[in-house]
Amino acid sequence: MKIAEIIEIIKKHSGDTFAGRKIEEESTRDKILYGDPDQECTGVICTCYASPDVIKQAGEMGCNFIIVHESLFWNHGDHTDWLADNTAFQKKKALLDQYGICIWRFHDYIHAGLEEDGKYVDGIFGGMARLLGWDEYLADEDRECPRYFVIPETTVSQLARLLNDTFGLKGLRFIGNPAARIRRVYIPMHIMGRQGDSELISKINREQINCLLTMEMVDFTVCEYMRDAAMLGEDRCIFALGHFNLEEIGMRYFAEYLRGQLADRAAGQMDKAAGQIPVKFIPSGDAYSYIAAE
């Protein structure tokens, strides 16, 4: 089975509307970022980001197709015309060529939803909820993109242990009240110091949200508010996981999902070869290292 055929199978089982717009081939992020999609697939690797370590592992495992959630060459749109003289670009490109790897970005379609039981659920946040064991605690009416949970009351240390273990992290950046009792957990989108941050602060106060699991987050607006509220005795805290750390778990879930789709295709006699293609998850790893103060 060719890599291009696998891509079409994935699209067929994904939603077609992202951020309120129909996904169009001309404008979608979901494009071939590198390599030849018309070659026979020897194995699929799912990851958040194709780092050099991930590329090496994929090549050594004999897998020539990497599905990523994020860009490959450090810019929105993965433009490379500005990188000709960049030494890291040259080395990374040579590594891809060495193993004959094709990379496809799977961003808009997975957020548009993976097909499950006749409905589409965001594969990143739905996968996150599934692997955290929080499916039954979903509190938001938007069940297609689960990001708001009312969990059994827990402590900061207990939730930290769950997050570190489930996300495979070396540690967590923590902001707020270390003695907070946590019940309402919300995953906002990007906290960038814009007008929407004020709306988020109002939501936290209005709905008594105890804990945020964040992607990007500036040190002012929401961060300042949560620190102040914590100092004033409120049960407020933030686990600042970071963008790639937080979303990678969704690609781990997707590896299981794609494995099932290819197995179903083989069992249904649509393509026997599909069931023989290995599908594996390789974590791009914790984006942060921690140097403790002496």
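## Exercises on a predicted model

Glu207 is partly exposed, with a relative accessible area of 24%. The model is a predicted one.

**Exercise 1.** Find the salt-bridge partner of Glu207 and state whether that partner is buried or exposed.

*Solution.* Step 1: Glu207 pairs with Lys203, and their closest N and O atoms lie 3.3 Å apart. Step 2: the relative accessible area of Lys203 is 17%. Step 3: buried means under 20%, so Lys203 is buried.

**Exercise 2.** Classify both partners in the salt bridge of Arg236 with Glu234, then in that of Asp135 with Arg130.

*Solution.* Step 1: in the bridge between Arg236 and Glu234, the closest N and O atoms are 3.0 Å apart. Step 2: Arg236 has 1% relative accessibility and counts as buried, while Glu234, at 31%, counts as partly exposed. Step 3: salt bridges with shared partners also link Glu8, Lys11 and Glu25 into one network. Step 4: Asp135 and Arg130 meet through their side chains at 2.6 Å, N to O. Step 5: Asp135 is partly exposed at 39% relative accessible area, and Arg130 is partly exposed at 40%. Step 6: a search of the whole structure gives 12 salt bridges.

**Exercise 3.** Describe the five-stranded open sheet: its strand order, its edges and the helix that packs on it.

*Solution.* Step 1: the order is E9-E11-E12-E13-E10, with mixed pairing. Step 2: E9 (148-155) and E10 (173-176) each have a single partner strand, so they stand at the edges and one side of each lacks a neighbour in the sheet. Step 3: on average, neighbouring strands are turned by 25° against each other, direction ignored. Step 4: E10 and E13 (residues 237-240) run antiparallel and are joined by four bridges; Gly176 stands opposite Cys237 in E13. Step 5: helix H6 (residues 156-167) packs on the sheet and touches E9, E10, E11 (181-186), E12 (211-214) and E13. The direction of H6 makes about 120° with that of E9.

**Exercise 4.** Decide whether the radius of gyration agrees or disagrees with that of a compact globule, and add the overall figures.

*Solution.* Step 1: for 294 residues, a compact globule would have a radius of gyration near 19 Å. Step 2: the protein has 20 Å, which agrees. Step 3: the C-alpha trace spans about 60 × 50 × 35 Å along its principal axes. Step 4: 50% of the 294 residues count as buried. Step 5: the accessible surface is about 14,500 Å², and carbon and sulfur atoms account for 48% of it. Step 6: the protein contains nine helices and 14 strands.

Notes. Residues are numbered from 1 along each chain as its sequence is written. This is a predicted model: local features need pLDDT of at least 70, side-chain atom pairs count only at pLDDT 80 or more; totals for chains, interfaces and linings use all residues. Side-chain values use heavy atoms; hydrogens and water are left out. Two strands pair if DSSP finds at least two bridges between them. Helices (H or I, at least four residues) and strands (E, at least two) are DSSP runs, numbered from the N terminus. Axes are lines fitted to C-alpha atoms, for helices over the stretch in contact, and angles run from 0 to 180 degrees between N-to-C directions. Contact means heavy atoms within 4.5 Å. The radius of gyration is taken over C-alpha atoms; the globule rule is 2.2 Å times the number of residues to the power 0.38. Buried means under 20% relative accessible area, exposed over 50%, partly exposed in between (1.4 Å probe, protein chains only). Accessible areas come from the Shrake-Rupley method with a 1.4 Å probe; for residues, only the protein chains shown count as cover. A salt bridge is a side-chain nitrogen of Lys or Arg within 4 Å of a carboxyl oxygen of Asp or Glu.
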